[in-house]
Amino acid sequence: DEKEEKKKNDKDDEDKDDEKEEDKEKKKKGKEKEEKDEKDAKNKKKKDKEDEDKDEKEEKDEKEDKEKKKKKEKEDKDEKEEKGKKKDKEDDDKDEEKEEKDEKEDKEKKKKEKEKEDKEEKDEKEDKEEKKKK
């Protein structure tokens, strides 16, 4: 009977040891899972932050590109206007030059005509004088 009793106690002890071992395993697994979950959460947070930073950078770059494009368009427009003004001024200057040249030519022409008339008058007068003398 004592043998039976001892066997039974040994078995109970064994069972308890097994249970303890199982509990230990469960705790270990639980702790590992907890650590893994924490690590995953940390990684997810890190990735989310990286994604957010990336999005912000893309947005910023896009905004800068838009501003650069706008600035370039304005510069091009200003340059075009400037060229237009310059051309208008050049055209005005050319017109003025032509006008002055035309006026000068007109004066020359009139002067020559007057000289011609004066000469004719003088010749006529001289002719008359000649005739008178004769």
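**Notebook: one chain, looked up by element**

I began with the surface: the chain exposes about 14900 Å², and carbon and sulfur atoms supply 47% of that area. I note here that the model is predicted.

**Overall form**

I looked up the secondary structure next and found 1 helix and 0 strands. Helix α1 covers residues 2-133. I then checked the extent of the C-alpha trace, which spans about 195 × 10 × 5 Å along its principal axes. The radius of gyration of the chain is 57 Å, whereas a compact globule of 134 residues would have one near 14 Å. To see the spacing along the chain I took two lysines, Lys 83 and Lys 44. They are 39 residues apart in sequence, and their C-alpha atoms are 57 Å apart in space. Lys 83 has its place in helix α1, and I logged this residue as exposed because its relative accessibility is 55%, above the 50% cut-off.

How much of the chain counts as buried? I found 0% of the 134 residues in that class. Buried would require under 20% relative accessible area.

**Charges**

I looked up the charged side chains and found 59 positive and 70 negative. The centres of the two sets lie 5 Å apart. Side chains of opposite charge can pair when their charged atoms come close. I therefore looked up the salt bridges, and the structure holds 20 of them. I went through three, given below.

**Lys 33 with Asp 37**

I found a salt bridge between Lys 33 and Asp 37, with the closest N and O atoms 3.0 Å apart. The two residues are separated by about one helical turn, because they are 4 residues apart in helix α1. I then compared their exposure classes. Lys 33 is exposed, since its relative accessible area is 51% and the cut-off is over 50%. Asp 37 stands at 38% relative accessibility and so counts as partly exposed.

**Lys 49 with Asp 53**

I recorded a second salt bridge between the side chains of Lys 49 and Asp 53, at 3.0 Å from N to O. Both residues lie in helix α1, 4 residues apart, about one turn of the helix. Is Lys 49 exposed or partly exposed? Lys 49 counts as partly exposed, because its relative accessibility is 48%. Asp 53 has a relative accessible area of 35%, so I entered Asp 53 as partly exposed too.

**Lys 89 with Asp 93**

My third entry is the salt bridge in which the side chains of Lys 89 and Asp 93 meet, at 3.3 Å from N to O. Lys 89 and Asp 93 are 4 residues apart in helix α1, about one turn of the helix. Asp 93 is partly exposed, because its relative accessible area is 34%.

**A negative patch**

Which residues form a negative surface patch? I listed Asp 88, Asp 92, Asp 95, Glu 96, Glu 97, Glu 99, Glu 100, Glu 103, Glu 105, Asp 106, Glu 108 and Glu 115. I picked Asp 106 from this patch for a further look. Asp 106 lies in helix α1, and Asp 106 counts as partly exposed because its relative accessibility is 45%. The value of 45% fits the patch rule, because a patch residue needs over 30% relative accessible area. The rule also asks for residues with no salt bridge, so I did not look for a partner of Asp 106.

Technical notes:
Residues numbered from 1 in each chain as written. Predicted model: local features only at pLDDT ≥ 70, side-chain atom pairs only at ≥ 80, totals over all residues. Heavy atoms only, no water. Patch = residues over 30% accessible without salt bridge, like charges linked within 9 Å, V, L, I, M, F, W, Y side chains within 5 Å. Areas by Shrake-Rupley, 256 points an atom, 1.4 Å probe, with all protein chains shown as cover. Salt bridge = Lys/Arg side-chain N within 4 Å of Asp/Glu carboxyl O. Lys, Arg positive; Asp, Glu negative; His and termini not counted. Charge placed at Lys NZ, Arg CZ, Asp CG, Glu CD. Buried < 20%, exposed > 50% of the residue type's maximum accessible area, 1.4 Å probe, protein only. Rg over C-alpha atoms; globule rule 2.2 N^0.38 Å.
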